[in-house]
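Visitor: I would like to go through this model term by term. Please justify each label as we go.

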Amino acid sequence: MPTKKLIVGNWKMNGLLADSQKRASDLAQAVQKQQNPAFDMVLCPPATMIGAVAKCLEKSPVQWGGQDCHAKDSGAFTGDISAPMLKNLGCTYVIIGHSERRQYHKETSTIVLEKAKAAHAAGLVAIICIGETDAERSAGKASQIVTEQLEGSVPEGTTALNTVIAYEPVWAIGTGKTASADDILHMHALIHKAAPDFKILYGGSVKGSNAKDILPLAHVDGVLVGGASLKADEFMEIAIAS
Ligand code: PGA
């Protein structure tokens, strides 16, 4: 039996309580109606919304996760959230090293690696994000950057049970520009060769309209979706394309 596709919604810094609960409840209901779905769904709301969203999802097959965690379990780190805190809210996943964290919070692969270790120690599955910028791609360095990020961000001893890799070309995130099938095939093959056991997600302007072309590609084990995960109908359309 083929393994199920992993469909992850990254809500980023969007939404307030009522619309988050509505979207989570709508998705919980829609997924429950599916007979033997070919996908597993995970929602990653803003940290303040996780508790409320968890209540909407707890009786459904939909799982939930965080968008980031600190490398330490506790301490004087104002504004930060630890992996055990996410676990305590019933999270099963946490996104680590998203390009927006790497870019706006200056997270290096070394920091990402420490965060992934913390996620593993707390019993969370780390979704470790890697991907090249437009400038790096134009300079012919896309494969090199992705290889370096993979080597630098994934802790030793990581297994397919506690880690998923997300390939997200930075130039395709939130821009409406999706990587071509050839770009995705090339990069996913490269990642698969270096890390053969891991699920590999594609992320970057995945929509209802293009999911059916992306999800069947070789070594695409699921998708990490930003903008289009904010609409329950469209996110469901993506999941059903599995
Ligand atoms: P996007 O974001 O789907 O809005 O491009 C993807 C992501 O950042 O995970």
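**Labels and their grounds**

Guide: Start with a helix pair. Helix 7 and helix 8 pack with axes 11 Å apart, at an angle of about 35 degrees. Keep in mind that this is a predicted model.

Visitor: Which hand does the crossing of helix 7 and helix 8 have, and what makes it so?

Guide: Helix 7 passes helix 8 in a right-handed crossing. The term right-handed applies because the near helix is turned clockwise from the far one by less than a right angle.

Visitor: Which residues of helix 7 and helix 8 meet?

Guide: From helix 7 come Ala142, Ser143, Val146, Thr147 and Leu150. From helix 8 come His186, Met187, Leu190, Ile191 and Ala194. The contact divides into seven nonpolar residues, three polar and no charged. Contact here requires heavy atoms within 4.5 Å.

Visitor: What do helix 7 and helix 8 lie across?

Guide: Helix 7 (residues 142-153) lies across strand 5 (125-130) and strand 6. Its direction is at about 150 degrees to strand 5. Helix 8 (residues 181-194) lies across strand 5, strand 6 and strand 7. Helix 8 runs at about 150 degrees to strand 7.

Visitor: What makes the strands a barrel, and what is their order?

Guide: Eight strands close up in the order 1-2-3-4-5-6-7-8, with parallel pairing. On average, neighbouring strands of this sheet are turned by 25 degrees against each other, direction ignored.

Visitor: How do you know that strand 6 and strand 7 pair?

Guide: Pairing needs at least two bridges. Strand 6 (residues 163-167) and strand 7 (residues 199-203) are joined by four, and they run parallel. Therefore they count as paired. Ile165 has Ile200 as its bridge partner in strand 7. Ala166 has Leu201 there.

Visitor: Why is strand 7 called largely enclosed?

Guide: Four of its five residues are buried, so strand 7 is largely enclosed by the rest of the structure.

Visitor: Which residues of helix 10 are buried, and what covers them?

Guide: In helix 10 (residues 232-240), the buried residues are Ala232, Glu234, Phe235, Met236, Ile238 and Ala239. Their cover includes strand 1 (5-10), helix 1, strand 2, helix 9 (211-214) and strand 8 (222-225).

Visitor: Turn to charges. Why is the contact of Asp68 and Arg101 called a salt bridge?

Guide: The cut-off is 4 Å between side-chain nitrogen and carboxyl oxygen. Asp68 and Arg101 meet at 3.2 Å, N to O. The pair therefore qualifies. It links distant parts of the chain, 33 residues apart. Asp68 is in the loop between strand 3 (63-66) and helix 3 (83-88), and Arg101 is in helix 4.

Visitor: What links Lys115 to Asp68?

Guide: Another salt bridge, at 2.8 Å, N to O. Lys115 is in helix 5, 47 residues apart from Asp68 in its loop.

Visitor: Are Asp68 and Lys115 buried or exposed?

Guide: Buried means under 20% relative accessible area. Asp68 has 15%, so it is buried. Lys115 has 7%, so it is buried too.

Visitor: What separates Lys117 and Glu114 along helix 5?

Guide: About one helical turn, because they are three residues apart in helix 5. Their side chains form a salt bridge at 3.3 Å, N to O.

Visitor: Why are Lys117 and Glu114 called partly exposed?

Guide: Partly exposed lies between the 20% and 50% limits. Lys117 is at 40% relative accessibility, so the label fits. Glu114 is at 33%, so the label fits there as well. As for networks, salt bridges that share partners join Asp68, Arg101, Glu107 and Lys115 into one.

Visitor: How many salt bridges does the whole structure hold?

Guide: A search finds 11.

Visitor: What is notable about phi in Asn36 and Lys106?

Guide: Most residues other than glycine have a negative phi. Asn36 has a positive one, near 45 degrees. Lys106 also has a positive phi, about 55 degrees.

Visitor: Where are Asn36 and Lys106 placed?

Guide: Asn36 is in the loop between helix 1 (17-33) and strand 2 (39-44). Lys106 is in the loop between helix 4 (99-104) and helix 5 (109-121).

Visitor: Why do Asn36 and Lys106 count as exposed?

Guide: Exposed means over 50%. Asn36 reaches 73% relative accessibility, so it counts as exposed. Lys106 has a relative accessible area of 61%, so it is exposed as well.

Key: Residues numbered from 1 in each chain as written. Predicted model: local features only at pLDDT ≥ 70, side-chain atom pairs only at ≥ 80, totals over all residues. Heavy atoms only, no water. Helix = DSSP H or I, 4+ residues; strand = E, 2+ residues; numbered from the N terminus. Buried < 20%, exposed > 50% of the residue type's maximum accessible area, 1.4 Å probe, protein only. Axes fitted to C-alpha atoms, helices over the stretch in contact; angles between N-to-C directions. Nonpolar A, V, L, I, M, F, W, Y, C, P; charged D, E, K, R; others polar.
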